[in-house]
Amino acid sequence: MSSTIQVDTIKDIGGNTIISSNGSGTFTSNLSSNVSSATGTLPIANGGTGAATLAAAGLQRPNANPLIINGDMAVAQRSTSVTGVSNGNSGYQTCDRIRFDESGTMGAALTITQESLTSGNAFINGFANAFKVDVTTADSSPDADDWSRINIRLESQDLQVFKKGTSNAEKFTLAFWVKATKTGTNTIELFDADNTRSIGGSYSISSSNTWEHKVVNFAADTTGAFADDNGEGLRISWTLSAGSNYTSGTLPTAWESSTVANTAVGQVNNFDSTSNNFHITGIQLEVGEYTSATIPPFQHESFGDSLYRCMRYYETQTGFQFFTFQSGTNVTNNAYVNCSVKKRANPTGSFSGSIINFFPHTGGGQGETNNATGMGASTGPDGHFFVGFETEANAPTTDGFHPIYADARNLVINWASEL
Amino acid sequence: MNIKTVKKQAIPFQETLILTLKDDTFFFVPTINAEDNTDYQAILKWVADGNTIEEAD
C-alpha cells in the first residue's frame with residue numbers, strides 16, 4: 001500500500017507558514033533552527049549561510065568540537081590573576097590554552113587576569129569571561145627587538161581539515177571579541193610551525209574601551225602541509241606591542257617563509273600608558289572564508305567539556321591521601337600519583353604544599369610535616385609521577401617494609417604538556 | 001624560557017631533571033620518551049647554547 005500527501009503549504013497552529021512550495025519542486029522554509037541537518041538552501045536571515053549545503057557553505061566540521069579550546073576563557077586552572085608580568089615572564093598565566101609571550105626586553109609590566117564580564121557587547125552575546133591584560137608599567141617606546149603578544153598554539157594533527165599544502169587548501173577565518181583602550185590597527189600572525197611559514201592580518205579598534213567583534217580572513221596555503229602529529233602546527237598571535245624589527249616590512253597577505261620584519265606591520269602600542277587595557281574572548285577559528293554576516297555562531301562548550309580538553313595540556317590535582325610503604329630504615333618514601341586525562345606528551349611535573357606523615361610502626365597518630373622532596377617524572381603521556389617525601393624524625397629502626405599513611409590533602413600536583 | 005639551572009636528581013629519580021627558572025619556580029622534567037615535551041626541548045636547546053646540567057647532590 002502506498003499513499004501520497006500533496007500540499008503546497010504547511011502552517012503552524014497559529015496560521016504561520018512554515019514551509020511552502022512553488023509547485024515546481026522548490027520549497028521555501030521559515031525554519032530558524034536545526035539548520036545543521038538541513039540540506040536545502042539555508043536562508044541567511046534564519047541563521048543559515050545562503051549556500052545550498054553545509055559543505056558548500058564551508059562548514060566542513062559542523063558537528064565537531066571547536067578548533068580553539070577554551071575560546072570563551074571559562075577555564076583557568078592555574079590562577080585567575082597574575083601581577084608583575086614583565087620581561088622573562090612568557091608562559092601560560094591565567095586562562096588555559098591562552099599564552100602570553102614576549103621577546104626582547106619588554107619594558108612594560110602587566111597584570112593578566114581571567115576577567116568576569118557582567119556587561120558589554122561580548123557579555124550580551126554569551127561570554128561571561130575574558131582574558132584581560134592591564135598595563136601597570138608603561139613602555140612608550142619598545143626596543144627594536146621587543147615583541148609582546150597573546151597566542152594560541154594548536155596541534156598539527158588537529159589541523160588536517162585545512163588541507164594545507166595541497167591543491168585543495170582552505171582559507172582560515174578567525175573571529176573574536178576584543179576591547180582595547182588604544183584605538184587603531186592591531187595585527188595577527190598565523191605561524192605554521194611545521195614549515196616556518198606565516199601570514200598576517202589586521203583589525204582596527206574603532207572605539208576605545210568598547211567590545212567589538214572582529215572577523216579576519218587569511219588566505220589558503222598550497223605550500224607546506226601540517227604534520228600529522230602531536231607537535232605544534234599553528235600559532236595564532238595577537239600582537240600587543242612590537243619594536244621596529246617586527247614592523248619595518250610589509251604585512252604579508254599571502255603565506256610566505258616567515259620574515260621577522262613582516263610580523264606586526266602597522267601595530268599600535270597597547271603598552272604606552274598605564275591607562276591601557278586589552279581584553280579578548282569568544283575566539284573561534286573556522287575553515288573557509290566568512291564575513292561578519294556569515295560567520296557561524298560561536299560553539300559554546302559546557303565547562304566540563306572545555307576543562308577536559310584543556311587537561312590534555314595542563315592538569316592540577318590536590319587532596320591526596322597516600323598509603324605506602326617505607327623500605328628498611330630509609331627516610332625517603334615514594335607515593336604514586338596519576339593524572340586524570342592522557343596528556344599530549346610525557347608531561348612536566350611540579351608540586352607545592354606539604355605532607356603530614358603518620359607512622360603505624362611507632363604507634364601511629366603522631367604527625368610530622370614535611371614538604372615533598374622531589375618527583376620522578378612519568379615515562380609517557382599517561383602522566384604517572386612518583387612523589388618523594390621524607391620522614392626525617394620517625395624513620396623505622398628495623399629492616400623490612402613499614403606501612404605509612406601520609407595526609408597530603410594540601411599537596412598540589414601539576415601536570416604540564418603544553419605546546 | 002628563562003632557565004636558571006638544570007640539575008639531575010639522585011636515585012630513584014635519576015631520570016628526571018629539576019628545571020629552575022630565573023623566578024625560582026621549579027619543575028620536574030622527564031628525559032625518557034620526552035622528545036615531545038617542550039620543557040625538555042628547551043633544556044636541550046639551553047645545553048646546545050653552551051650551558052651545563054648540574055649533577056645530583
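Modeller: A residue is called buried when its relative accessible area is under 20%, exposed when that area is over 50%, and partly exposed in between. Please keep in mind that the model before us is predicted.

Biologist: Then what makes A:Asp101 a buried residue?

Modeller: The relative accessible area of A:Asp101 is 3%, and the cut-off for a buried residue is under 20%, so the word applies.

Biologist: How do you know whether its partner A:Arg99 is buried or exposed?

Modeller: The reasoning is repeated with another value: A:Arg99 has a relative accessible area of 16%, and because anything under 20% counts as buried, A:Arg99 is buried too. A:Arg99 lies in strand 6 of chain A, which covers residues 99–103. Leaving aside residues up to four places away in sequence, A:Arg99 touches A:Ser90, A:Gly91, A:Tyr92, A:Arg149, A:Ile150, A:Asn151 and A:Arg153.

Biologist: Why is the meeting of A:Arg99 and A:Asp101 called a salt bridge?

Modeller: In general, side chains of opposite charge can pair when their charged atoms come close. Here the distance from N to O between the side chains of A:Arg99 and A:Asp101 is 2.9 Å, and the rule asks for a side-chain nitrogen of Lys or Arg within 4 Å of a carboxyl oxygen of Asp or Glu, so the name fits. The two side chains also make a polar contact, again at 2.9 Å. Over all chains, the structure holds 20 salt bridges.

Biologist: What makes the salt bridge of A:Lys171 and A:Glu289 a tie between parts of the chain?

Modeller: The closest N and O atoms of A:Lys171 and A:Glu289 are 2.7 Å apart, and since the limit is within 4 Å, the pair qualifies as a salt bridge. A:Lys171 sits in the loop between strand 9 and strand 10 of chain A, whereas A:Glu289 belongs to the loop between strand 16 and helix 2, so the pair ties together parts that are 118 residues apart in sequence.

Biologist: Are these two residues buried, exposed, or in between, and how do you know?

Modeller: A:Lys171 has a relative accessibility of 38% and A:Glu289 one of 48%. Neither value is under 20% or over 50%, so both residues are called partly exposed. By contrast with that pair, A:Arg309 and A:Glu301, whose side chains meet in a salt bridge at 3.1 Å, N to O, are both buried.

Biologist: Why is the aromatic pair of A:Phe127 and A:Phe298 called edge-to-face?

Modeller: The structure holds 13 aromatic pairs over all chains. For A:Phe127 and A:Phe298, the ring centres are 4.9 Å apart and the planes stand at 85° to each other. Centres within 6.5 Å make a pair and planes over 60 degrees apart make it edge-to-face, so both conditions are met. The two residues are 171 places apart, with A:Phe127 in the loop between helix 1 and strand 8, and A:Phe298 in the loop between strand 16 and helix 2 of chain A. At 3% relative accessibility A:Phe127 is buried, and A:Phe298, at 16%, is buried as well.

Biologist: What makes A:Ile112 a buried residue?

Modeller: Its relative accessible area is 0%, which is under 20%, so A:Ile112 is buried by the rule. A:Ile112 lies in strand 7 of chain A, residues 109–116, and beyond its sequence neighbours up to four places away it touches residues including A:Val82, A:Phe100, A:Phe131 and A:Val133. For chain A as a whole, 49% of the 419 residues count as buried, and the chain has two helices and 23 strands.

Biologist: How do you know how much area chain A and chain B bury between them?

Modeller: The size of an interface is often given as the accessible area lost when the parts come together. For chain A and chain B this is about 1,500 Å², 53% of it on carbon and sulfur atoms. The rule finds zero salt bridges across this interface, while nine residue pairs are in polar contact. On the side of chain A that touches chain B, strands 19, 21 and 22 each supply at least two residues, and strand 19 gives the most, with four. By class, that side has eight nonpolar, twelve polar and two charged residues.

Terms used. Residues are numbered from 1 along each chain as its sequence is written. Chains are lettered from A and ligands numbered from 1 in the order in which they are written. This is a predicted model: local features need pLDDT of at least 70, side-chain atom pairs count only at pLDDT 80 or more; totals for chains, interfaces and linings use all residues. Side-chain values use heavy atoms; hydrogens and water are left out. Buried area is the accessible area (1.4 Å probe) that two parts lose on being put together, summed over both. A polar contact is a pair of N or O atoms within 3.5 Å; within protein, one must be able to donate a hydrogen and the other to accept it, and residues adjacent in sequence count only if both atoms are side-chain atoms. Ala, Val, Leu, Ile, Met, Phe, Trp, Tyr, Cys and Pro count as nonpolar, Asp, Glu, Lys and Arg as charged, and the others, Gly among them, as polar. Rings of Phe, Tyr and Trp (its six-membered ring) pair if their centres lie within 6.5 Å; planes under 30 degrees apart count as stacked, over 60 as edge-to-face and the rest as tilted. Buried means under 20% relative accessible area, exposed over 50%, partly exposed in between (1.4 Å probe, protein chains only). Contact means heavy atoms within 4.5 Å.
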